[in-house]
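Visitor: I have a new structure to look at and would like to learn how to read it. Could you walk me through some of its features?

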Amino acid sequence: MESPNYLGIYLSKGTATVVCLGLEGKGRAVSGCFSVTIEESQQQKPQELVRLITDGCAKRGLQFSEAAVALDCSMFMQHNVHSKFNDPKQIAATIRFDAEEVLGMDITDLAIAFKVTSGNQAGSSLTVFTAPKRQLSDILISLQSNNIDPVTIEPDVNCLSRFILQKLSPPDLRSLFCILSDSSGYFIAFSESRETEAMRTFIVRPAQDRNDLLAREVPMTAALVETDKPVNSIKVFDSTTSVDYQQLSKRLGIETGSVDLIAAVGSGPETLADCAGPVGFAIAYGAALSQLEKAQTVNFRSDFMPYQGRKVRLQKAMKFSSVSVAVLMLVAGLYFQMQLWQQNKYRARLYRKFEKQYSAVMFGKMPPPKSNPVKKLEGELRRIENVRKGLLSVTGEEAISAKLTLVLEAFNKCAKKTDLNINSISITTRNISIAGDTSSRANTLKLFNAIRQSKLDILQQNLDAKGGRDNFSITVTPKKQ
C-alpha cells in the first residue's frame with residue numbers, strides 16, 4: 001500500500017529543497033525535509049541534482065505517493081497578458097496567440113502556464129509564465145529516470161502564495177506580503193475571494209540594500225493591485241534580517257511589520273536543520289500542498305509533457321482490455337473512416353488553394369504550420385488599416401501624433417485629481433520623455449496607473465520630493481498591439 005505522503009521539490013539551478021508532507025489526524029505533518037547543492041561546475045546537469053534528491057529521500061526513509069515541483073524564478077519569465085475571454089478553457093485555447101502578441105516573438109520552444117488575476121466584461125487579466133521546453137524536458141527526464149514523476153511543475157511564487165494562504169490563514173486582504181530570500185524576492189497580494197490578486201518575482205543581489213529595494217519596489221507593486229481597498233500594510237520576511245521595519249514604514253507611509261514563515265508551520269527550528277533556508281522550505285511546502293489540498297495549480301505540464309500518472313495508465317489499460325467492443329465497432333469505424341478520407345481530400349485541395357492566396361497577400365510567405373494563419377491575416381489587416389489611418393508608419397512604428405494622443409488622454413484622466421504640472425515633453429520615434437510634478441507621491445502613482453491604462457508602458461522612472469511637490473521624470477512607449 002502506497003504512503004499517503006506528498007513530496008514538494010523546490011528546484012533552482014544549483015540547489016534543491018525537499019519537503020515531505022503527510023496526514024496526521026486531521027492535520028498535516030512534515031515527515032522530513034532537506035536541501036542538496038551541487039558544485040558550480042555541475043549546475044547545468046539537473047540529473048546530478050536529482051540524484052542527490054533521490055539519495056536524500058532514501059537516506060531519510062521518505063516515502064511518498066505523488067510529487068510536485070516548484071521552479072525557481074531564475075528559470076522562468078513572468079508576463080502580464082490580457083485575454084478577451086473569461087472561460088478558462090477558451091483562455092487556454094488562445095493563450096499562446098495572446099502571449100506571442102505581447103512578447104513579439106515566436107514562443108514555439110516555450111512552455112506556458114497562466115493564472116487569472118481578475119476578470120470583467122472586457123476579458124481577463126492574466127499572469128503568464130514561460131519556461132524553455134528543453135529545460136523542462138531535462139528536469140522531467142532526470143526525475144522520471146529516478147522514479148519521480150511530478151504531477152505538477154509550477155512557478156515558485158505560486159507555491160509560496162499557496163503556503164501563505166494556507167499557513168497564515170486568513171491573511172489580511174489589504175496587506176502586501178514581501179518575502180526575501182538570499183537571492184530572490186517575491187511580492188504577493190490576495191483578493192477578497194482568497195485568490196492571488198498580484199504576484200511578482202525578482203532577483204536580489206547579495207550586496208543590495210534591501211531597505212532601498214523595498215522602498216522602490218513596494219509602491220510599484222501596490223499600484224498593480226486592482227482593488228477598491230488600497231494596500232494598508234506591508235508584511236515582510238527577510239532571510240538576512242537586515243530590513244529596518246520602522247525606517248521602511250516612514251519611507252513608505254504604510255504600516256510595516258514582519259512575518260514568521262517558520263512559526264506558521266508550527267514546527268520547531270530542528271525541522272529546518274537540513275534545509276538551506278526558510279523561504280526555500282516554504283516554497284517546497286507550498287508545492288506539496290498542491291497535491292494534499294488539491295488546490296488550483298499553475299502547471300507547466302498542462303502545456304508540455306502532460307502528466308501520465310497512475311489514473312491515466314489505468315484508463316489506458318481498460319481501453320486496451322475492451323477488445324470485444326472494438327471488434328463490434330470495427331465495421332462502423334471503417335465506414336466513417338472512408339467518409340473522413342473523402343473529407344480530408346477535399347480539405348487538402350481547399351488548403352492548397354488557401355496556400356496560394358495566403359502567399360499572394362503575405363509577400364510569398366507560406367501559412368505558419370503551428371499557429372492559426374487566419375490570425376496572422378487579421379494582424380496584417382490591422383497593421384495596414386493603422387498605416388492608412390496614420391497610427392503607424394510603414395515600418396510598423398507608432399506615428400508621433402498617435403503617441404501624443406495617448407499621452408494627452410492619460411493626462412486628461414487624472415490631471416485635476418493629481419494637481420498635475422507638466423514641465424516638459426520630448427517625443428522621439430521610439431518613446432516619449434515626460435517631466436513634471438504632482439501634489440503627492442500617491443497622486444504620482446495614480447498618474448502612472450492612468451498612463452498604463454492608456455496603452456502606454458513606463459520604461460524608466462525617477463521620483464523626487466522637493467518643495468512640497470512630488471517631482472517625476474519618466475520614459476514611456478506605446479504598448480505593442
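Guide: We will go through strands, a sheet, a pair of helices and some ring pairs. Keep in mind that this is a predicted model.

Visitor: Let me begin with strands. Which strands does β17 pair with, and in what sense?

Guide: Strands of a sheet pair through backbone hydrogen bonds, either parallel or antiparallel. Here, strand β15 (residues 432-438) pairs with β17 in the antiparallel sense, over seven bridges. Strand β16 (residues 456-466) also pairs with β17 in the antiparallel sense, over 10 bridges. To find the pairings in the model, look for Thr 438 opposite Asp 470 in β17, and for Ile 458 opposite Val 476 in β17.

Visitor: What should I look for in the hairpin of β16 and β17?

Guide: Two residues lie between the strands of that hairpin, and Gly 467 takes a positive phi near 65 degrees there.

Visitor: Is β17 largely enclosed or open to the outside?

Guide: Count its buried residues. In β17 (residues 469-478), eight of the 10 residues are buried, so the strand is largely enclosed by the rest of the structure.

Visitor: Now a whole sheet. What is the strand order in the open sheet of five strands?

Guide: The order is β11-β10-β9-β12-β13, and the pairing is mixed. At the edges are β11 (196-203) and β13 (255-258), each of which pairs on one side only. On average, neighbouring strands of this sheet are turned by 20 degrees against each other, direction ignored. One pairing to trace is that of strand β10 (residues 184-190) with β11, which is antiparallel over seven bridges. There, Phe 190 has Thr 196 in β11 as its bridge partner.

Visitor: Which helices pack on this sheet?

Guide: Among them is α4, which touches β9 (175-180), β10 and β11; its direction makes about 50 degrees with that of β10. Helix α6 (residues 245-252) packs on the sheet as well, touching β12 (233-238) and β13, and its direction makes about 155 degrees with that of β13.

Visitor: How do I describe two helices that pack on each other?

Guide: Two packed helices are described by the angle between their axes and the distance between the axes. Take helix α4 (residues 156-167) and helix α8 (residues 278-292): their axes come within 7 Å and cross at roughly 80 degrees. α4 and α8 are therefore roughly perpendicular to each other. Residues of α4 that take part in the contact include Cys 159, Leu 160 and Phe 163, while those of α8 include Ala 282, Tyr 285 and Leu 289. Ring pairs also link Phe 163, Phe 281 and Tyr 285 into a cluster.

Visitor: How many aromatic pairs are there in the whole structure?

Guide: A search finds eight. One of them joins Tyr 351 and Phe 354: the pair is tilted, with 6.2 Å centre to centre and 40 degrees between the planes. These two residues are three apart in helix α11 (residues 330-361), which means that about one helical turn separates Tyr 351 from Phe 354. Tyr 351 is partly exposed, with a relative accessible area of 35%, and Phe 354 is partly exposed at 23%.

Another pair is Phe 448 with Phe 472, which is edge-to-face: 6.1 Å centre to centre, with 90 degrees between the planes. That pair links distant parts of the chain, 24 residues apart, with Phe 448 in helix α14 (residues 441-453) and Phe 472 in strand β17.

Visitor: Are Phe 448 and Phe 472 buried or exposed?

Guide: Phe 448 counts as buried at 1% relative accessibility, and Phe 472 counts as buried at 4%.

Notes: Residues are numbered from 1 along each chain as its sequence is written. This is a predicted model: local features need pLDDT of at least 70, side-chain atom pairs count only at pLDDT 80 or more; totals for chains, interfaces and linings use all residues. Side-chain values use heavy atoms; hydrogens and water are left out. Buried means under 20% relative accessible area, exposed over 50%, partly exposed in between (1.4 Å probe, protein chains only). Helices (H or I, at least four residues) and strands (E, at least two) are DSSP runs, numbered from the N terminus. Two strands pair if DSSP finds at least two bridges between them. Rings of Phe, Tyr and Trp (its six-membered ring) pair if their centres lie within 6.5 Å; planes under 30 degrees apart count as stacked, over 60 as edge-to-face and the rest as tilted. Axes are lines fitted to C-alpha atoms, for helices over the stretch in contact, and angles run from 0 to 180 degrees between N-to-C directions. Angles under 35 degrees count as roughly parallel, over 145 as roughly antiparallel, 65 to 115 as roughly perpendicular and the rest as oblique. Contact means heavy atoms within 4.5 Å.
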